[in-house]
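Subject: Structure handover

Hello,

Here is the structure I said I would pass on. Please open it next to this message and look up each residue as you read.

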Amino acid sequence: MIAEQVPTMIFMIDLNLNFTYISPVIERINGYTVEEVLKRKVTETLTPESQQLISSMFQEEIQLEMKQGPGLTHT
C-alpha cells in the first residue's frame, strides 16, 4: 500500500528481467501506464550502461547467495 502512494518509482523484477511490479507513479514520471510497463523487459527501458550495471549486480548477488545462502546479510 505504501508503494502505491510514494512519489518515487518502486519496481520489482524477476531473474529474467521482467517487471513483476511497478508503482503507479510511473505514469506521471514517463507517461507509460503500469500495464504498458509490465509488458516490457527491463532491458527495453534502460541505457546500455545501466543494463551492464544491473547485470553485474545480479551476478554479484547470485555469487554471494551461492556462498552464503539466500536472505543472509552481506557485509
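One definition is needed at the start: a residue is buried under 20% relative accessible area, exposed over 50%, and partly exposed in between. Leucine 38 has 36% relative accessibility, so leucine 38 counts as partly exposed. Please also keep in mind that this is a predicted model.

Helix H3 and leucine 38

Leucine 38 is part of helix H3. Setting aside residues up to four places away in sequence, leucine 38 touches Phe19, Thr20, Tyr21 and Ile22. Take isoleucine 22 from that list: 16 residues separate leucine 38 from isoleucine 22 in sequence, and their C-alpha atoms are 7.4 Å apart in space.

The two strands

Strand S2 covers residues 19-22, and 3 bridges join S1 to S2. The two strands run antiparallel. Which residue in S2 is the bridge partner of phenylalanine 11? The partner is isoleucine 22, the residue that also appeared among the contacts of leucine 38.

Methionine 12 also belongs to strand S1. With neighbours within four places in sequence left out, methionine 12 is in contact with Asn18, Phe19, Thr20 and Tyr21. Glutamine 52 lies 40 residues from methionine 12 along the chain, and the separation between their C-alpha atoms is 18 Å. As background, side chains in a regular strand alternate between the two faces of the sheet.

S1 and S2 form a hairpin with 5 residues between the strands. Leucine 17 sits in that loop between S1 and S2. Leucine 17 is not a glycine, yet its phi is positive, at about 65 degrees. Is leucine 17 buried or exposed? Its relative accessibility is 19%, so leucine 17 counts as buried; the cut-off for buried is under 20%.

Arginine 40 and the salt bridge

How many salt bridges does the structure hold? There is 1. Arginine 40 forms a salt bridge with glutamate 44, and their closest N and O atoms are 3.8 Å apart. Glutamate 44 is partly exposed because its relative accessibility is 47%.

Arginine 40 is located in the loop between helix H3 (34-38) and helix H4 (48-68). Its side chain also makes a polar contact of 3.5 Å with the side chain of tyrosine 32. Tyr32 is one of the residues that arginine 40 touches, together with Phe19 and Thr45, when residues up to four places away in sequence are not counted.

The loops around methionine 9 and valine 25

Methionine 9 lies in the loop between helix H1 (2-5) and strand S1 (11-13). Its relative accessibility is 31%, so methionine 9 counts as partly exposed. Met9, Phe11 and Ile29 make a nonpolar surface patch of about 250 Å². A residue needs over 30% relative accessible area to belong to a patch, and methionine 9 has 31%.

Valine 25 is in the loop between S2 and helix H2 (26-30). Valine 25 is buried because its relative accessible area is 10%. Apart from neighbours within four places in sequence, valine 25 is in contact with Val6, Pro7, Thr8 and Met9. Met9 therefore appears both in the patch and among the contacts of valine 25, where neighbours in sequence are left aside and contact means heavy atoms within 4.5 Å. Methionine 66 is 41 residues from valine 25 along the chain, with 35 Å between the two C-alpha atoms.

The start of the chain

Methionine 1 belongs to the segment before H1. Methionine 1 counts as exposed because its relative accessibility is 85%. Threonine 20 is 19 residues from methionine 1 along the chain, and their C-alpha atoms are separated by 16 Å.

Regards

Notes:
Residues numbered from 1 in each chain as written. Predicted model: local features only at pLDDT ≥ 70, side-chain atom pairs only at ≥ 80, totals over all residues. Heavy atoms only, no water. Patch = residues over 30% accessible without salt bridge, like charges linked within 9 Å, V, L, I, M, F, W, Y side chains within 5 Å. Areas by Shrake-Rupley, 256 points an atom, 1.4 Å probe, with all protein chains shown as cover. Salt bridge = Lys/Arg side-chain N within 4 Å of Asp/Glu carboxyl O. Helix = DSSP H or I, 4+ residues; strand = E, 2+ residues; numbered from the N terminus. Buried < 20%, exposed > 50% of the residue type's maximum accessible area, 1.4 Å probe, protein only. Polar contact = N/O pair within 3.5 Å; in protein donor to acceptor, adjacent residues only side chain to side chain. Pairing = 2+ DSSP bridges.
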